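Visitor: I would like a close look at one part of this model, and then to be led from there to the other parts that help to place it. Please take your time and go residue by residue where that helps.

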Amino acid sequence: TRYPVAGVKPRLDAKNLVMYPPLRPDESAVAAMKAEWQARAKSLVGRGVRFIRLDDERRMSDDFDFHPQTLAGFREWIAMRYADVDALNDTWGSAFASFDDVVPSTRKALGDTENLAPWLEFKMYIGEVLGRYYMELPAEWAAGIARGLAVGEDGVYPPSWTFPVDWSRYARCYRFTWRYGNTQGVLEELLRSFGEGCRHGQWQGYGMRGISPERRVQPWLSLLNGGSGCSFWAMVDNGYWNYGVCTSDQRATAGYAALARDEFPDLTGGIDRLLLASRFLDDRIAIGYSYPSWLIDRNALAGTAKTIVEELGYQHTFVRMEDVADGAL
């Protein structure tokens, strides 16, 4: 999903951290994109398509976007979080005369200070822009065309500040998606905890030239950790990557011979449908989810803690810290 602006060539000003067109589109750009997107989607649905890929490997390499239009949206957003500009100044340690003068900071510019608010709140706003305009709206447009039409990504990375989406709010947008990361990582758990009805599968197979115990159980781990499928890269051995699933005459390559013989028949022989028709339960073990916390430090996603819980034979669920006060426990 892109929001083009007539006469503006897409580019990045890496020095000033400005995106052209701006990351936050205006209403005319949204309307134009919706019309174009839905016209293309209707054509695809008419040919049997039920999944539309929005993007692949999304990430932002730095603290974009300081475009005036994006900053204007940030100032409106920040004004709703504080009673007045004096309250913001108290928190940020700044001296802005009004919300119209507020300029956020990059992480690099803050150095070793403990007060990360001028960067953190801008990063939270950028996450909201990404979630609203690049995930939620396409999902709404798809729903307006066909009930079974799903949107997602070819490959979603585990959460990080380089793509700062609040998964507790936006996981529900993806009815199907592929994901990167470990088979005991946090992303599939976030999709399970917050994306009710979301089906997902893991990309795997990279560099696979021979079978190993870890490789043998990897597709099972994906299925048993809430995955709806496994996608192996790449399907054909083209002589360049040298780790395809099949040779040019459709024989399993050396790396996949054991999987094809010993695992694939079971994976596709009925137990897969049984697992996919089941509903995951947890053992009433909560791991706190704090969106601002993991933007600052990915360890706040408690990857090690959830792995320990699973290896003890239990299942947890993520709970938003904001919901704890409302009785979520």
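Guide: Tyr 240 sits in the loop that runs between strand 7 (229-232) and helix 9 (257-267), and in this predicted model its relative accessibility is 63%, which is over the 50% cut-off, so Tyr 240 counts as exposed. Tyr 240 is one member of a nonpolar patch on the surface, which Tyr 206, Trp 233 and Trp 241 complete, and the four residues together have about 460 Å² of accessible area.

A contrast to that exposed tyrosine is offered by the loop between strand 3 and helix 2 (68-79), where His 67 is found. His 67 has a relative accessible area of 15%, and because this is under 20% it is classed as buried. Leaving aside residues up to four places away in sequence, His 67 touches Val 18, Met 19, Tyr 20 and Pro 22. Tyr 20 also takes part in a cis peptide bond, the one leading to Pro 21, with omega near -10°, and Pro 21 lies in the loop between strand 2 (18-20) and helix 1. On the other side of strand 2, in the loop that joins it to strand 1 (11-13), is Leu 17, a residue other than glycine whose phi is nevertheless positive, near 60°; Leu 17 is buried, with a relative accessible area of 8%.

The loop that holds His 67 has further backbone features. Asp 65 belongs to this loop between strand 3 and helix 2, and the peptide bond from Phe 64 to Asp 65 is cis, with omega near 20°. Glu 57 has its place in the loop between strand 3 and helix 2 as well, with a positive phi near 55° although it is not a glycine, and at 32% relative accessibility Glu 57 counts as partly exposed.

This loop is also tied to helix 5 (117-143) by a charged pair. The side chains of Lys 123 and Asp 63 meet in a salt bridge, at 3.0 Å from N to O, and the pair links distant parts of the chain, with Lys 123 in helix 5 and Asp 63 in the loop between strand 3 and helix 2, 60 residues apart. Both partners are buried, Lys 123 with a relative accessible area of 3% and Asp 63 at 2% relative accessibility. Helix 5 supplies a partner to another such pair, in which Arg 169 forms a salt bridge with Glu 128, the closest N and O atoms being 3.1 Å apart; here too distant parts of the chain are linked, since Arg 169 is in helix 6 (residues 167-170) and Glu 128 in helix 5, 41 residues apart. Arg 169, at 35% relative accessibility, counts as partly exposed, as does Glu 128 at 26%.

Helix 1 (residues 27-45) brings strand 3 and helix 5 into one picture. This helix has 19 residues and spans 26 Å from its first C-alpha to its last, close to the 27 Å expected. Its buried residues are Ala 29, Val 30, Met 33, Trp 37, Gln 38, Ala 41 and Val 45, and, seen down the axis of helix 1, they fall within an arc of 145°, so they line one face of the helix. These buried residues pack against strand 3 (51-55), helix 5 and strand 4 (150-153), whereas Ser 28, Arg 40 and Lys 42 are exposed on the other side of helix 1.

Key
Residues numbered from 1 in each chain as written. Predicted model: local features only at pLDDT ≥ 70, side-chain atom pairs only at ≥ 80, totals over all residues. Heavy atoms only, no water. Helix = DSSP H or I, 4+ residues; strand = E, 2+ residues; numbered from the N terminus. Expected span 1.5 Å × (residues − 1). Buried < 20%, exposed > 50% of the residue type's maximum accessible area, 1.4 Å probe, protein only. Arc of directions from axis to C-beta. Contact = heavy atoms within 4.5 Å. Patch = residues over 30% accessible without salt bridge, like charges linked within 9 Å, V, L, I, M, F, W, Y side chains within 5 Å. Areas by Shrake-Rupley, 256 points an atom, 1.4 Å probe, with all protein chains shown as cover.
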